[in-house]
Amino acid sequence: MLLEVKDIVLNYGKIQALHGLTIEVEQGEIVALIGANGAGKTSTMRAVSGVRGVASGSIMFDGHDVTSLRADQRMRQGLVLAPEGRGIFPGMTVVENLEMGAYTRRDRAEVAKDFDRVYDLFPRLGERKKQFGGTMSGGEQQMLAIGRALMSRPKLLLLDEPSMGLAPMLIQQIFSIIKEIAEQGTTILVVEQNAKQALTLANRAYVLETGNIVKTGTGAELLDDTSIREAYLGVA
Ligand code: ATP
């Protein structure tokens, strides 16, 4: 098992956002976490990436207990978050943003390969190398955030709402790029409001409601589940 999250509790002051959440991700899988607004999807990503500490529970990654490690320490171990929306450096160019993703790496020849890989996955970034991140469109910034995360060569890529704010055509595109990233060998945990696309993409998925997992299964099983169809897919 690459990631084992066990009974985590995450609080914001007096508000408990996660009430003992347990999820697992195996090497090579794409696992989706779906849920309504406020269910705790972003909080789960914050806890797993180390952006926010947990009050209790444990997070094992690649055989190590990372529960008390900071986000940058987890990143060095290959647990990397591509944050929701606009988590890029607006005053830096595309190249500089991507370079920031690789700042801990010394293998410059391999880093150069990863620049090429990111430009292959996202040709738009290759066309706009000198453009400042902050002047790019929402969709382009989303691609840049994912590209920057890939530059650290993650073992597990955490994607927080990759389709957020994208036009329908781009949503299709971003999901097929995620599939390609997985096929190239990166394990993925993706949080999405866009349940249909996420379940279609994922090997397995978890359904999150008010800070707890209420259902789990393969993507296909959940796509076929009547209560999921009614609640998340808008069909009976
Ligand atoms: P959305 O899809 O709307 O982004 P989500 O599933 O990602 O929702 P979270 O952002 O994880 O949900 O929020 C879970 C709960 O924690 C919500 O009730 C939210 O109001 C609360 N919460 C999130 N961030 C904070 C914060 N910084 N301070 C206080 N409460 C917070």
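Tutor: A polar contact is a pair of N or O atoms within 3.5 Å; within protein, one must be able to donate a hydrogen and the other to accept it, and residues adjacent in sequence count only if both atoms are side-chain atoms. This is a predicted model: local features need pLDDT of at least 70, side-chain atom pairs count only at pLDDT 80 or more, and totals for chains, interfaces and linings use all residues. Residues are numbered from 1 along each chain as its sequence is written, and side-chain values use heavy atoms, with hydrogens and water left out.

Student: Which residue offers the backbone oxygen that the side chain of Ser 49 reaches?

Tutor: Ser 49 belongs to helix α1. Helices are DSSP runs of H or I, at least four residues, numbered from the N terminus; strands are runs of E, at least two. At 3.3 Å, the side chain of Ser 49 reaches the backbone oxygen of Arg 46.

Student: Is Ser 49 buried or exposed?

Tutor: Buried means under 20% relative accessible area, exposed over 50%, partly exposed in between (1.4 Å probe, protein chains only). Ser 49 has 3% relative accessibility, so it counts as buried.

Student: Why is α1 largely enclosed by the rest of the structure?

Tutor: The buried residues of α1 include Lys 41, Met 45 and Val 48. Helix α1 is largely enclosed because, of its 9 residues, the number buried is 8.

Student: Which residue follows α1?

Tutor: Look at the backbone just after the helix. Phi is positive there, near 95°, and the residue is Gly 50.

Student: Which element gives the largest share of the shell around the ligand?

Tutor: A residue is near the ligand if one of its heavy atoms lies within 4 Å of it. Both β2 (15–25) and α1 (41–49) supply at least two residues of the shell. The largest share, 4 residues, comes from α1.

Student: Which residue has a side-chain N or O atom 3.4 Å from a nitrogen atom of the ligand?

Tutor: Backbone atoms also approach the ligand: Ala 39 has an N or O atom 3.1 Å from a ligand oxygen, and Gly 40 has one at 2.8 Å from a ligand oxygen. For the ligand nitrogen at 3.4 Å, the side chain is that of Arg 46.

Student: How many residues of the shell around the ligand are charged?

Tutor: Asp, Glu, Lys and Arg count as charged; Ala, Val, Leu, Ile, Met, Phe, Trp, Tyr, Cys and Pro as nonpolar; the others, Gly among them, as polar. The shell holds 5 nonpolar and 6 polar residues, and its charged residues number 3.
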